[in-house]
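Here are my notes on this model, point by point. Please read them with the structure open.

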Amino acid sequence: MPKAPSIEKLLQNGSAEWNRLRKGGQVPTEHTGATFTQLFSANADLSGLGLVGSEWERCDLSKINFRDTDLSNAYFHGGRLQDCDFRGANLEGATFEKLKLLRCDFTGAKGLDDMEMDDVDMDRVVGLDGEEAPPPPPPPAQGITAFTREQREKALGVQANALLMGEPTAEELPPFKPQDPPGSLFFRGLKRLAMPPLWVLDVPGLRPLVPQRMPPGSSLETLYREAVKTRLENKKPMADPAVVDKAQKALRMGAKDANVAAMYLREVGVLPLFRFATAQVLKGALREEVEVDDLTGSIDPRTTGALLELRLTHEVVEHLQEARRRLAATQLYTALLEAGFSPDNNWDEALESSEAALELAQLATGDNRDALFEGFQVFAALPEEARLRRLAYLAESVTNLELVSRMPEGMEPSWLNGPETRECHEREMTYVQSLKAEDIPSKVAALAKAELGVPEGEVPEESDGDLFIHLRCDVCGKEKLIVQSPDE
């Protein structure tokens with residue numbers, strides 16, 4: 001019969017697995033003489049165990065439940081114990097040496113008179129020498145996981161020796177902050193780059209650090225980014241008539257750069273003359289990005305921004321949930337990597353230590369941890385700038401799509417046929433309203449007679465289910481009434 005794994009091995013595999021086995025009664029309660037070296041663990045339930053003479057060498061423990069545990073003659077040396085519960089534990093003959101105790105509770109512990117403490121830094125410790133608990137409850141641990149300290153510090157490039165020996169160091173392990181908004185994660189990541197890349201100008205809503213110099217160019221993308229840069233520098237972008245004509249033409253023709261054209265016109269304060277003519281192109285581009293099978297796949301904020309600027313709401317809001325799901329996964333992965341966690345280590349331990357992380361994981365993949373893990377592997381393999389770009393693009397796109405979803409109904413009819421039927425004075429006519437057949441006599445009787453030959457005061461014949469689109473030219477005031485049938 002194979003030998004059962006030791007408590008040391010089980011805890012190194014993660015406290016979540018240990019707690020599951022403990023709850024199922026699959027681990028023994030006696031572990032006399034157990035030795036733990038450089039264990040990095042959180043939320044493990046060690047209550048009521050026999051850990052007589054156990055040794056804890058340079059361990060970093062957070063929210064460990066030692067309640068009613070027999071720790072007599074145990075030896076804790078180096079490392080840190082944070083938010084640990086020693087209430088009712090037997091500490092007779094135990095030694096704490098060269099470590100830090102932060103917000104630990106020793107209330108009701110036995111053998112305190114026979115316990116030795118040597119060079120111990122205590123902060124808000126309860127139950128020793130009659131101290132009272134501070135008014136606020138201890139905050140939950142953030143970012144603690146059960147993989148060893150060396151693994152995390154190797155990933156971060158932190159000097160391990162100083163930390164392992166409890167010596168002061170100017171560079172501490174960064175905390176796990178999945179609760180921070182995407183903009184905060186993006187800003188911190190941007191500061192780690194040597195200089196801001198040009199694509200940060202595509203996400204002006206995140207208020208990025210602005211590139212110092214722009215490369216010369218005449219493309220709409222370059223000119224749009226220059227306009228954004230000017231605005232972020234608290235200056236007013238000036239409209240170039242030639243570029244405005246170029247942007248309007250891109251909208252009318254439904255060109256590939258129609259999204260950037262719409263965003264350029266917004267930056268320089270010029271109203272787009274064409275809206276519906278480019279709807280199919282913009283919606284198709286958004287659909288293509290959403291259909292990519294990638295949990296953190298990027299969504300271009302210039303496309304979603306153009307849909308918002310042109311008020312093209314039809315068949316757009318349905319993609320909002322997918323964008324939110326991708327942003328949740330990307331936000332979670334970014335916070336994990338920022339704190340030094342990676343798919344190779346027990347990163348899922350960090351999820352259990354943070355309510356915000358669990359919420360993001362639930363939104364990203366529901367209860368499917370395998371999909372969450374696979375997505376993390378793909379994301380972690382990307383270059384740092386590519387990861388940052390995905391986070392920023394998704395954050396900006398979610399904001400744009402949320403604003404689209406708040407627009408009132410009727411901003412855009414479902415029909416998208418033939419832009420020439422909606423044009424007057426070289427621009428699209430303004431959409432006024434959508435009407436049903438029974439609305440015609442009371443609202444547009446004269447127009448229906450002129451455009452469709454419907455006698456005034458009468459309802460159009462055989463028009464059940466038809467939609468009548470009312471348009472008006474902003475230049476000459478000419479009006480049109482176009483019929484859309486359900487089978488069109």
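1. Cys473 has a relative accessibility of 3%. The cut-off for buried is under 20%, so Cys473 counts as buried. This is a predicted model, so each value here is computed from predicted coordinates.

2. Cys59 is buried too, at 2% relative accessibility. Is either cysteine part of a disulfide, or how many disulfides are there in the whole structure? The search finds zero.

3. Strand S10 covers residues 467-472. Strand S9, residues 430-435, runs antiparallel to S10, and five bridges join the two. One pair to look at is Tyr431 with its bridge partner in S10, Leu471.

4. S10 also pairs with strand S11, residues 479-484. This pairing is antiparallel as well, with six bridges. Leu471 appears again here, opposite Lys480 in S11.

5. What links S10 and S11? They form a hairpin, with six residues between the strands. Gly477 sits in the turn and has a positive phi of about 85°.

6. Now the nonpolar cores. The largest one has 82 residues. Phe176, Phe186, Tyr264, Leu332 and Leu336 have the most contacts inside it. Another core lies apart from it, with 37 residues. Among them are Ile7, Trp56, Ala74 and Cys104.

7. Which residues does Tyr264 touch, leaving aside neighbours within four places in sequence? Its contacts are Leu223, Tyr224, Met238, Ala239, Asp240, Val243, Val244 and Ala247. Tyr264 is thus a useful place to begin when viewing the largest core, being one of the residues with the most contacts inside it.

Conventions. Residues are numbered from 1 along each chain as its sequence is written. This is a predicted model: local features need pLDDT of at least 70, side-chain atom pairs count only at pLDDT 80 or more; totals for chains, interfaces and linings use all residues. Side-chain values use heavy atoms; hydrogens and water are left out. A nonpolar core is a set of buried Ala, Val, Leu, Ile, Met, Phe, Trp, Tyr and Cys residues joined through side-chain atoms within 4.5 Å. Buried means under 20% relative accessible area, exposed over 50%, partly exposed in between (1.4 Å probe, protein chains only). Contact means heavy atoms within 4.5 Å. A disulfide is a pair of cysteine sulfur atoms within 2.5 Å. Two strands pair if DSSP finds at least two bridges between them. Helices (H or I, at least four residues) and strands (E, at least two) are DSSP runs, numbered from the N terminus.
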